[in-house]
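Colleague: I'd like a close look at a single part of this protein. Could you take me through it, with a bit of the overall picture for context?

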Amino acid sequence: MDFLPHFSFNEKSSVLLIAFVHAIIFSALLLKKGLSEQNQASLWLSAFIFLGGLYLCPFMLGYAGWYSDKLGYHEFMFFVPFQQLFLIGPVFYFYVKSLLDRKLSLRKPDLLHFVPALLYAVYSLVVFITDKFILDEFYFYADGRDKDLAFWYQMAGLISMLAYLVMSLRAYFRYRALSLQEVSYADEIAFSWIKHFTMAFGLILVLRVLFFILNPEWGAFGSKYWYYLCFSILLVYISINGFAQTIRATISLRPQLLGSFAPLAQQASPAPDPSPVPEPASTEVLDSWKEKISHLFEAEEVYKKPDLTLTDLASQLETNRNIISKAINQAFGMNFNDFVNQKRAEAVITQLQQGAHHLNTLLGIALDCGFNSKTTFNRAFKKYTGTTPRQFIVKNQL
(Lines give C-alpha, C1' and ligand atoms only; values in the text may rest on other atoms or scores of the structure.)
Protein backbone atom coordinates (compact mmCIF):
# COMPACT_ATOMS: atom_id res chain seq x y z
CA MET A 1 0.00 0.00 0.00
CA ASP A 2 1.25 3.46 -0.86
CA PHE A 3 0.91 5.89 2.04
CA LEU A 4 3.12 8.40 0.24
CA PRO A 5 2.95 9.11 -3.49
CA HIS A 6 6.67 8.57 -4.08
CA PHE A 7 7.52 5.64 -1.80
CA SER A 8 6.03 2.20 -2.12
CA PHE A 9 5.74 0.82 1.39
CA ASN A 10 6.05 -2.93 1.78
CA GLU A 11 7.62 -5.22 4.35
CA LYS A 12 11.06 -4.95 2.77
CA SER A 13 11.26 -1.23 2.00
CA SER A 14 9.63 -0.33 5.35
CA VAL A 15 12.07 -2.32 7.48
CA LEU A 16 15.07 -0.83 5.67
CA LEU A 17 13.50 2.64 5.92
CA ILE A 18 13.31 2.28 9.71
CA ALA A 19 17.00 1.34 9.85
CA PHE A 20 17.87 4.23 7.52
CA VAL A 21 15.99 6.82 9.59
CA HIS A 22 17.54 5.40 12.76
CA ALA A 23 21.02 5.75 11.24
CA ILE A 24 20.41 9.37 10.18
CA ILE A 25 19.11 10.32 13.63
CA PHE A 26 22.02 8.75 15.50
CA SER A 27 24.50 10.15 13.01
CA ALA A 28 23.13 13.64 13.71
CA LEU A 29 23.22 13.07 17.49
CA LEU A 30 26.83 11.92 17.33
CA LEU A 31 27.76 14.83 15.09
CA LYS A 32 26.27 17.27 17.58
CA LYS A 33 28.00 15.52 20.47
CA GLY A 34 31.32 15.45 18.66
CA LEU A 35 31.20 19.14 17.79
CA SER A 36 30.06 20.28 21.24
CA GLU A 37 32.58 18.13 23.11
CA GLN A 38 35.32 18.35 20.46
CA ASN A 39 35.33 14.57 20.48
CA GLN A 40 36.90 13.14 17.34
CA ALA A 41 35.67 9.62 18.05
CA SER A 42 32.05 10.80 17.98
CA LEU A 43 32.64 12.59 14.68
CA TRP A 44 34.19 9.52 13.06
CA LEU A 45 31.40 7.28 14.35
CA SER A 46 28.84 9.79 13.08
CA ALA A 47 30.40 9.54 9.63
CA PHE A 48 30.49 5.74 9.80
CA ILE A 49 26.81 5.45 10.73
CA PHE A 50 25.83 8.01 8.09
CA LEU A 51 27.68 6.00 5.44
CA GLY A 52 25.91 2.90 6.75
CA GLY A 53 22.58 4.62 6.27
CA LEU A 54 23.48 5.62 2.71
CA TYR A 55 24.61 2.05 2.08
CA LEU A 56 21.02 0.89 2.61
CA CYS A 57 19.55 3.38 0.15
CA PRO A 58 19.83 1.46 -3.18
CA PHE A 59 17.93 -1.52 -1.81
CA MET A 60 15.58 0.45 0.46
CA LEU A 61 14.56 2.72 -2.42
CA GLY A 62 14.79 -0.13 -4.90
CA TYR A 63 12.19 -2.13 -2.98
CA ALA A 64 10.14 1.09 -2.90
CA GLY A 65 10.12 1.15 -6.70
CA TRP A 66 12.63 3.91 -7.35
CA TYR A 67 14.50 1.95 -10.01
CA SER A 68 11.29 1.76 -12.01
CA ASP A 69 10.58 4.27 -14.76
CA LYS A 70 7.08 4.56 -13.32
CA LEU A 71 8.16 6.91 -10.54
CA GLY A 72 10.78 8.60 -12.66
CA TYR A 73 13.56 8.30 -10.08
CA HIS A 74 15.72 5.75 -11.87
CA GLU A 75 18.18 8.41 -13.06
CA PHE A 76 18.52 9.69 -9.50
CA MET A 77 19.30 6.15 -8.35
CA PHE A 78 21.86 5.71 -11.13
CA PHE A 79 23.81 8.91 -10.66
CA VAL A 80 23.92 9.30 -6.86
CA PRO A 81 26.79 7.17 -5.42
CA PHE A 82 25.03 5.96 -2.28
CA GLN A 83 27.38 3.09 -1.47
CA GLN A 84 30.73 4.64 -0.60
CA LEU A 85 32.57 1.36 -0.22
CA PHE A 86 36.05 2.91 -0.46
CA LEU A 87 35.19 5.38 2.29
CA ILE A 88 33.64 3.07 4.89
CA GLY A 89 36.93 1.25 5.62
CA PRO A 90 39.07 4.34 6.30
CA VAL A 91 36.33 5.94 8.44
CA PHE A 92 36.06 2.71 10.45
CA TYR A 93 39.85 2.63 10.88
CA PHE A 94 40.18 6.23 12.03
CA TYR A 95 37.27 5.80 14.43
CA VAL A 96 39.13 2.97 16.15
CA LYS A 97 42.36 4.98 16.20
CA SER A 98 40.55 8.03 17.61
CA LEU A 99 39.32 5.89 20.50
CA LEU A 100 42.88 4.79 21.24
CA ASP A 101 44.33 8.28 20.83
CA ARG A 102 42.35 11.25 22.09
CA LYS A 103 44.81 13.62 20.39
CA LEU A 104 44.77 11.92 17.03
CA SER A 105 45.23 14.31 14.13
CA LEU A 106 45.28 13.51 10.44
CA ARG A 107 48.66 13.96 8.79
CA LYS A 108 49.30 14.34 5.09
CA PRO A 109 50.13 10.62 4.61
CA ASP A 110 46.79 9.75 6.23
CA LEU A 111 44.97 11.51 3.40
CA LEU A 112 46.13 8.76 1.05
CA HIS A 113 43.56 6.49 2.69
CA PHE A 114 40.83 8.58 1.10
CA VAL A 115 42.24 8.67 -2.44
CA PRO A 116 40.25 5.62 -3.69
CA ALA A 117 37.00 7.17 -2.44
CA LEU A 118 37.92 10.45 -4.12
CA LEU A 119 38.69 8.70 -7.40
CA TYR A 120 35.34 6.92 -7.29
CA ALA A 121 33.61 10.24 -6.64
CA VAL A 122 35.36 11.70 -9.70
CA TYR A 123 34.34 8.64 -11.71
CA SER A 124 30.71 9.11 -10.61
CA LEU A 125 30.85 12.76 -11.62
CA VAL A 126 32.28 11.88 -15.04
CA VAL A 127 29.50 9.35 -15.56
CA PHE A 128 26.88 11.96 -14.63
CA ILE A 129 28.29 14.71 -16.85
CA THR A 130 28.86 12.38 -19.79
CA ASP A 131 25.45 10.73 -19.76
CA LYS A 132 23.41 13.84 -18.92
CA PHE A 133 25.17 16.75 -20.58
CA ILE A 134 27.74 15.63 -23.13
CA LEU A 135 26.01 12.74 -24.88
CA ASP A 136 22.51 13.51 -23.67
CA GLU A 137 21.89 9.78 -23.65
CA PHE A 138 22.85 6.82 -21.52
CA TYR A 139 26.33 5.55 -22.39
CA PHE A 140 27.58 4.31 -19.04
CA TYR A 141 24.07 3.28 -18.11
CA ALA A 142 23.12 1.76 -21.44
CA ASP A 143 22.69 -1.60 -19.71
CA GLY A 144 20.28 -0.12 -17.16
CA ARG A 145 22.39 -1.31 -14.20
CA ASP A 146 23.40 0.84 -11.25
CA LYS A 147 27.20 1.19 -11.27
CA ASP A 148 27.30 1.07 -7.44
CA LEU A 149 26.09 -2.53 -7.62
CA ALA A 150 28.66 -3.64 -10.20
CA PHE A 151 30.51 -6.77 -9.17
CA TRP A 152 34.00 -5.23 -9.53
CA TYR A 153 33.10 -2.32 -7.26
CA GLN A 154 31.43 -4.49 -4.66
CA MET A 155 34.36 -6.90 -4.61
CA ALA A 156 36.94 -4.10 -4.46
CA GLY A 157 34.99 -2.46 -1.65
CA LEU A 158 34.86 -5.72 0.28
CA ILE A 159 38.62 -6.18 -0.03
CA SER A 160 39.16 -2.59 1.10
CA MET A 161 36.98 -3.01 4.18
CA LEU A 162 38.63 -6.31 5.08
CA ALA A 163 42.04 -4.63 4.87
CA TYR A 164 40.94 -1.80 7.17
CA LEU A 165 39.43 -4.28 9.60
CA VAL A 166 42.80 -6.02 9.85
CA MET A 167 44.59 -2.67 10.29
CA SER A 168 42.17 -1.68 13.05
CA LEU A 169 42.66 -4.96 14.89
CA ARG A 170 46.43 -4.56 14.66
CA ALA A 171 46.20 -1.07 16.18
CA TYR A 172 44.00 -2.38 18.99
CA PHE A 173 46.25 -5.34 19.80
CA ARG A 174 49.26 -3.03 19.85
CA TYR A 175 47.41 -0.84 22.29
CA ARG A 176 46.59 -3.83 24.48
CA ALA A 177 50.20 -4.99 24.41
CA LEU A 178 51.30 -1.50 25.41
CA SER A 179 48.77 -1.22 28.22
CA LEU A 180 49.82 -4.54 29.73
CA GLN A 181 53.44 -3.43 29.78
CA GLU A 182 52.84 0.15 30.90
CA VAL A 183 50.02 0.35 33.44
CA SER A 184 48.61 -1.66 36.34
CA TYR A 185 44.98 -1.07 35.36
CA ALA A 186 44.97 -2.50 31.83
CA ASP A 187 41.54 -4.13 32.28
CA GLU A 188 39.95 -0.75 32.90
CA ILE A 189 41.23 0.58 29.56
CA ALA A 190 40.72 -2.61 27.57
CA PHE A 191 38.04 -0.94 25.40
CA SER A 192 35.63 -3.84 25.23
CA TRP A 193 33.53 -1.62 22.95
CA ILE A 194 36.27 -1.75 20.30
CA LYS A 195 36.18 -5.53 20.40
CA HIS A 196 32.40 -5.57 20.06
CA PHE A 197 32.48 -2.92 17.34
CA THR A 198 35.10 -4.73 15.27
CA MET A 199 33.26 -8.02 15.76
CA ALA A 200 30.04 -6.44 14.46
CA PHE A 201 31.86 -4.96 11.46
CA GLY A 202 33.66 -8.24 10.86
CA LEU A 203 30.33 -10.09 10.95
CA ILE A 204 28.99 -7.70 8.30
CA LEU A 205 31.94 -8.55 6.06
CA VAL A 206 31.55 -12.28 6.68
CA LEU A 207 27.91 -12.00 5.65
CA ARG A 208 28.94 -10.14 2.52
CA VAL A 209 31.36 -12.89 1.59
CA LEU A 210 28.67 -15.48 2.23
CA PHE A 211 26.16 -13.69 0.03
CA PHE A 212 28.76 -13.18 -2.68
CA ILE A 213 29.14 -16.94 -2.77
CA LEU A 214 25.41 -17.69 -2.64
CA ASN A 215 24.35 -14.93 -5.02
CA PRO A 216 27.23 -13.38 -7.00
CA GLU A 217 24.85 -11.19 -9.04
CA TRP A 218 25.04 -8.33 -6.56
CA GLY A 219 22.83 -6.05 -8.60
CA ALA A 220 19.94 -8.53 -8.52
CA PHE A 221 17.75 -7.90 -5.49
CA GLY A 222 16.54 -11.44 -4.80
CA SER A 223 17.97 -12.86 -1.60
CA LYS A 224 20.12 -9.79 -1.01
CA TYR A 225 17.35 -8.48 1.21
CA TRP A 226 18.42 -10.86 3.96
CA TYR A 227 21.92 -9.46 3.87
CA TYR A 228 20.61 -5.90 4.12
CA LEU A 229 18.29 -6.93 6.95
CA CYS A 230 21.27 -8.34 8.88
CA PHE A 231 23.28 -5.23 8.04
CA SER A 232 20.43 -3.06 9.37
CA ILE A 233 20.34 -4.94 12.66
CA LEU A 234 24.10 -4.61 13.14
CA LEU A 235 24.00 -0.93 12.16
CA VAL A 236 21.31 -0.28 14.79
CA TYR A 237 23.44 -2.13 17.37
CA ILE A 238 26.55 -0.12 16.47
CA SER A 239 24.74 3.21 16.56
CA ILE A 240 23.02 2.66 19.92
CA ASN A 241 26.03 1.18 21.69
CA GLY A 242 28.49 3.55 20.06
CA PHE A 243 26.44 6.54 21.18
CA ALA A 244 26.31 5.16 24.72
CA GLN A 245 30.06 4.87 25.00
CA THR A 246 31.85 7.64 26.85
CA ILE A 247 35.20 5.86 26.92
CA ARG A 248 38.44 7.78 26.91
CA ALA A 249 41.92 6.42 26.25
CA THR A 250 44.27 6.72 29.21
CA ILE A 251 47.23 5.77 27.05
CA SER A 252 47.49 7.64 23.78
CA LEU A 253 49.03 5.89 20.82
CA ARG A 254 50.36 8.53 18.48
CA PRO A 255 50.56 7.28 14.87
CA GLN A 256 54.35 7.46 14.88
CA LEU A 257 54.52 5.34 18.04
CA LEU A 258 52.29 2.48 16.98
CA GLY A 259 55.25 0.34 16.04
CA SER A 260 57.34 0.93 19.14
CA PHE A 261 54.72 0.75 21.92
CA ALA A 262 56.22 3.90 23.48
CA PRO A 263 53.61 5.63 25.67
CA LEU A 264 52.60 9.24 25.36
CA ALA A 265 53.88 9.95 28.85
CA GLN A 266 57.33 8.86 27.75
CA GLN A 267 57.19 11.03 24.65
CA ALA A 268 56.02 14.10 26.57
CA SER A 269 58.56 13.76 29.37
CA PRO A 270 60.96 16.73 29.44
CA ALA A 271 63.76 14.60 30.84
CA PRO A 272 65.03 11.99 28.38
CA ASP A 273 65.94 8.53 29.59
CA PRO A 274 69.57 8.03 30.62
CA SER A 275 71.69 6.95 27.69
CA PRO A 276 73.32 4.59 27.27
CA VAL A 277 71.73 2.14 29.73
CA PRO A 278 72.67 -1.50 30.38
CA GLU A 279 70.08 -4.12 29.51
CA PRO A 280 69.19 -6.62 32.23
CA ALA A 281 70.44 -9.71 30.44
CA SER A 282 72.84 -11.52 32.78
CA THR A 283 71.62 -13.47 35.80
CA GLU A 284 73.59 -11.19 38.09
CA VAL A 285 72.00 -8.03 36.71
CA LEU A 286 68.54 -9.61 36.71
CA ASP A 287 68.89 -10.69 40.33
CA SER A 288 69.94 -7.17 41.27
CA TRP A 289 66.92 -5.56 39.65
CA LYS A 290 64.63 -8.26 40.98
CA GLU A 291 65.79 -7.51 44.50
CA LYS A 292 65.34 -3.74 44.05
CA ILE A 293 61.86 -4.11 42.62
CA SER A 294 60.76 -6.60 45.26
CA HIS A 295 62.09 -4.38 48.04
CA LEU A 296 60.23 -1.36 46.68
CA PHE A 297 56.95 -3.27 46.53
CA GLU A 298 57.36 -4.74 50.01
CA ALA A 299 58.80 -1.73 51.80
CA GLU A 300 56.74 1.06 50.23
CA GLU A 301 53.73 -0.94 49.04
CA VAL A 302 53.64 0.95 45.76
CA TYR A 303 51.07 -1.51 44.42
CA LYS A 304 48.45 0.29 46.54
CA LYS A 305 48.50 3.16 44.06
CA PRO A 306 45.52 2.32 41.78
CA ASP A 307 46.95 4.17 38.77
CA LEU A 308 50.51 2.92 39.12
CA THR A 309 52.44 2.95 35.85
CA LEU A 310 55.76 1.62 34.69
CA THR A 311 57.04 5.19 34.42
CA ASP A 312 56.16 5.77 38.09
CA LEU A 313 58.11 2.69 39.10
CA ALA A 314 61.13 3.63 37.00
CA SER A 315 61.12 7.12 38.49
CA GLN A 316 61.17 5.76 42.04
CA LEU A 317 64.05 3.44 41.16
CA GLU A 318 65.80 6.29 39.30
CA THR A 319 66.33 4.34 36.13
CA ASN A 320 65.08 3.79 32.61
CA ARG A 321 61.52 2.46 32.27
CA ASN A 322 62.65 0.05 29.55
CA ILE A 323 65.08 -1.50 32.03
CA ILE A 324 62.29 -2.03 34.57
CA SER A 325 60.01 -3.50 31.92
CA LYS A 326 62.64 -6.00 30.77
CA ALA A 327 63.58 -6.84 34.35
CA ILE A 328 59.96 -7.66 35.26
CA ASN A 329 59.45 -9.61 32.04
CA GLN A 330 62.63 -11.66 32.44
CA ALA A 331 63.10 -11.93 36.21
CA PHE A 332 59.45 -12.46 37.18
CA GLY A 333 58.24 -13.96 33.91
CA MET A 334 55.20 -11.70 33.46
CA ASN A 335 54.18 -8.30 32.16
CA PHE A 336 53.93 -5.23 34.35
CA ASN A 337 50.12 -5.35 34.66
CA ASP A 338 50.08 -8.98 35.82
CA PHE A 339 53.04 -8.41 38.14
CA VAL A 340 51.41 -5.51 39.99
CA ASN A 341 48.03 -7.23 40.21
CA GLN A 342 49.69 -10.35 41.59
CA LYS A 343 51.26 -8.23 44.31
CA ARG A 344 47.83 -6.78 45.03
CA ALA A 345 46.33 -10.27 45.18
CA GLU A 346 49.06 -11.33 47.60
CA ALA A 347 48.23 -8.32 49.76
CA VAL A 348 44.54 -9.27 49.73
CA ILE A 349 45.43 -12.83 50.80
CA THR A 350 47.48 -11.44 53.69
CA GLN A 351 44.48 -9.35 54.75
CA LEU A 352 42.19 -12.37 54.54
CA GLN A 353 44.56 -14.48 56.63
CA GLN A 354 44.47 -11.72 59.24
CA GLY A 355 40.65 -11.80 59.28
CA ALA A 356 40.08 -8.44 57.59
CA HIS A 357 37.06 -9.84 55.74
CA HIS A 358 35.18 -10.07 59.07
CA LEU A 359 35.42 -6.31 59.42
CA ASN A 360 35.37 -5.17 55.81
CA THR A 361 33.87 -6.26 52.49
CA LEU A 362 35.98 -8.10 49.95
CA LEU A 363 35.69 -5.15 47.57
CA GLY A 364 36.77 -2.77 50.33
CA ILE A 365 39.85 -4.93 50.99
CA ALA A 366 40.61 -5.08 47.27
CA LEU A 367 40.38 -1.30 46.92
CA ASP A 368 42.65 -0.84 49.93
CA CYS A 369 45.22 -3.09 48.22
CA GLY A 370 45.25 -1.08 44.98
CA PHE A 371 42.57 -2.65 42.82
CA ASN A 372 40.20 -0.13 41.29
CA SER A 373 37.34 -2.41 40.22
CA LYS A 374 35.62 -5.57 41.37
CA THR A 375 36.00 -7.19 37.95
CA THR A 376 39.77 -6.69 37.84
CA PHE A 377 40.11 -7.89 41.42
CA ASN A 378 38.19 -11.11 40.79
CA ARG A 379 40.03 -11.82 37.55
CA ALA A 380 43.49 -11.18 39.02
CA PHE A 381 42.76 -13.12 42.21
CA LYS A 382 41.50 -16.17 40.33
CA LYS A 383 44.44 -16.01 37.94
CA TYR A 384 46.86 -16.06 40.87
CA THR A 385 45.13 -18.56 43.16
CA GLY A 386 42.93 -20.57 40.80
CA THR A 387 39.86 -19.77 42.93
CA THR A 388 37.52 -16.88 43.54
CA PRO A 389 38.04 -14.84 46.73
CA ARG A 390 35.04 -16.46 48.45
CA GLN A 391 36.13 -19.96 47.40
CA PHE A 392 39.59 -19.15 48.78
CA ILE A 393 38.06 -18.16 52.13
CA VAL A 394 36.02 -21.37 52.35
CA LYS A 395 38.84 -23.57 51.15
CA ASN A 396 41.27 -22.21 53.72
CA GLN A 397 38.64 -21.92 56.48
CA LEU A 398 39.40 -18.26 57.05
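Modeller: Here's a walk from the whole protein down to helix 5 and the loop before it.

Bear in mind that this is a predicted model. The overall picture is helical: 16 helices and zero strands. There are 398 residues, and 48% of them count as buried. If you take the contacts with a separation of 6 or more, 72% come from residues 24 or more positions apart. On the outside, the protein exposes about 19,800 Å², with carbon and sulfur atoms supplying 61% of that.

Now for the part itself. Helix 4 covers residues 85-100, and a loop links helix 4 to helix 5. Asp101 sits in that loop. You might wonder whether Asp101 is buried or exposed. Asp101 counts as buried because its relative accessibility is 1%, and the cut-off for buried is under 20%. As for what the side chain of Asp101 reaches, there's the backbone nitrogen of Lys103, at 3.0 Å.

Past the loop comes helix 5, which takes in residues 115-134, and Ile134 belongs to this helix. Ile134 has 60% relative accessibility, so it counts as exposed; the mark to beat there is over 50%. Ile134 also has nonpolar company on the surface: Leu125, Ile129, Phe133 and Leu135 join it in a patch. Together, these residues have about 500 Å² of accessible area.

So, for your close look, keep two residues in mind: Asp101 counts as buried at 1%, whereas Ile134 counts as exposed at 60%.

Methods. Residues numbered from 1 in each chain as written. Predicted model: local features only at pLDDT ≥ 70, side-chain atom pairs only at ≥ 80, totals over all residues. Heavy atoms only, no water. Helix = DSSP H or I, 4+ residues; strand = E, 2+ residues; numbered from the N terminus. Buried < 20%, exposed > 50% of the residue type's maximum accessible area, 1.4 Å probe, protein only. Contact = heavy atoms within 4.5 Å. Areas by Shrake-Rupley, 256 points an atom, 1.4 Å probe, with all protein chains shown as cover. Patch = residues over 30% accessible without salt bridge, like charges linked within 9 Å, V, L, I, M, F, W, Y side chains within 5 Å. Salt bridge = Lys/Arg side-chain N within 4 Å of Asp/Glu carboxyl O. Polar contact = N/O pair within 3.5 Å; in protein donor to acceptor, adjacent residues only side chain to side chain.
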